[in-house]
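Here are a few notes to keep beside you as you look through this model for the first time. Take them in order, with the structure open in front of you.

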Amino acid sequence: MKTNTMEKEIHEPGHDLYLGHEDPTIRLLHKIIRLAVKMLAVLMVFVIVWGIGDVIYVLYQRLTSPPFLLLQINDILATFGAFLAVLIAIEIFINISMYLSAHVIPVRLVIATALMAIARKVIIFDFESISPPYLYGTAGVILALGITYWLITRKTTPELCVRTDQRSSQEKGPAG
């Protein structure tokens, strides 16, 4: 019975695919979507492995082209881009895994993944060929994501501590 009570406390409509929904049609649809998410997890593993192959290929290509075994700044940036693309794919896989295990969309992790993706873009920028509006737009996205991440972490951390304290005091009972 305790698990049922805790499950209801965690359930937030709109943020999960609640498998305990009272409507059997909605429950079935949620199960189908969860199956689709599992298939996405398997496909993401293939993407990660393929991405590792791409990193190896990019390194091989850059190291074997003249000048032999030397990397120029553009080569290093291309290699960083390939590495970071794999890391972003891993973060997306972690998002999917967390969703499957917790039945909740991990909003904080999604925002962190978006920050990592935009950071990848900034790292591989060719500042000679991008326009100022594009740069300002990217800065705006980074600022918005940064503020969002800060607000989410600032708001959820104290709440979780309070909930944990309330649960532990409720479990102890009136005697303490």
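1. Let's begin with helix α3, which in this predicted model runs over residues 73-102. Its 30 residues reach 42 Å from the first C-alpha to the last, close to the 44 Å expected at 1.5 Å a residue.

2. Next, look at which side chains of α3 are hidden. The buried residues are D75, T79, G81, A82, L84, V86, I88, A89, N95, I96, Y99 and L100. What covers them? Among the elements that do so are α2 (24-64) and α4.

3. Several of those residues reappear in the largest nonpolar core, which has twelve members. You can pick them out as V37, A41, M44, I48, V55, V58, A82, V86, A89, I96, Y99 and L100. The elements that give two or more residues to this core are α2 and α3. If you would like one core residue to zoom in on, try A82: leaving aside residues up to four places away in sequence, A82 touches D54, V55 and V58.

4. T79 is another good place to stop on helix α3. Is T79 buried or exposed? With a relative accessible area of 7%, T79 falls under the 20% cut-off, so it counts as buried. Leaving out residues up to four places away in sequence, T79 is in contact with V58, L59 and R62.

5. R62 leads to the next point. How many salt bridges does the structure hold? There is one, and in it the side chains of R62 and D75 meet at 3.3 Å, N to O. The pair links distant parts of the chain, with R62 in helix α2 and D75 in helix α3, 13 residues apart. The two partners are worth viewing with the surface switched on: R62 is partly exposed, at a relative accessible area of 28%, whereas D75 is buried, at 12%.

6. Please also check the loop between α2 and α3, where P67 is found. The peptide bond from P66 to P67 is cis, with omega near -5 degrees. L69 sits in this loop too, and its phi is near 60 degrees, a positive value in a residue other than glycine. L69 has a relative accessible area of 55%, which is over the 50% cut-off, so L69 is classed as exposed.

7. Helix α4 covers residues 107-123. Does its length agree or disagree with what its residue count predicts? At 1.5 Å a residue, the 17 residues should span 24 Å, and the end C-alpha atoms are 24 Å apart, so the two agree. The buried residues of α4 are L109, I111, T113 and I118.

8. Finally, follow I111 across to W150, which lies in helix α5 (residues 132-172). I111 and W150 are 39 residues apart in sequence, and their C-alpha atoms are 10.0 Å apart in space. I111 is one of the buried residues of α4, while W150 is partly exposed, with a relative accessible area of 49%. That value lies between the 20% and 50% cut-offs, which is why W150 is not called exposed.

Terms used: Residues numbered from 1 in each chain as written. Predicted model: local features only at pLDDT ≥ 70, side-chain atom pairs only at ≥ 80, totals over all residues. Heavy atoms only, no water. Helix = DSSP H or I, 4+ residues; strand = E, 2+ residues; numbered from the N terminus. Expected span 1.5 Å × (residues − 1). Buried < 20%, exposed > 50% of the residue type's maximum accessible area, 1.4 Å probe, protein only. Contact = heavy atoms within 4.5 Å. Core = buried A, V, L, I, M, F, W, Y, C linked by side-chain atoms within 4.5 Å. Salt bridge = Lys/Arg side-chain N within 4 Å of Asp/Glu carboxyl O.
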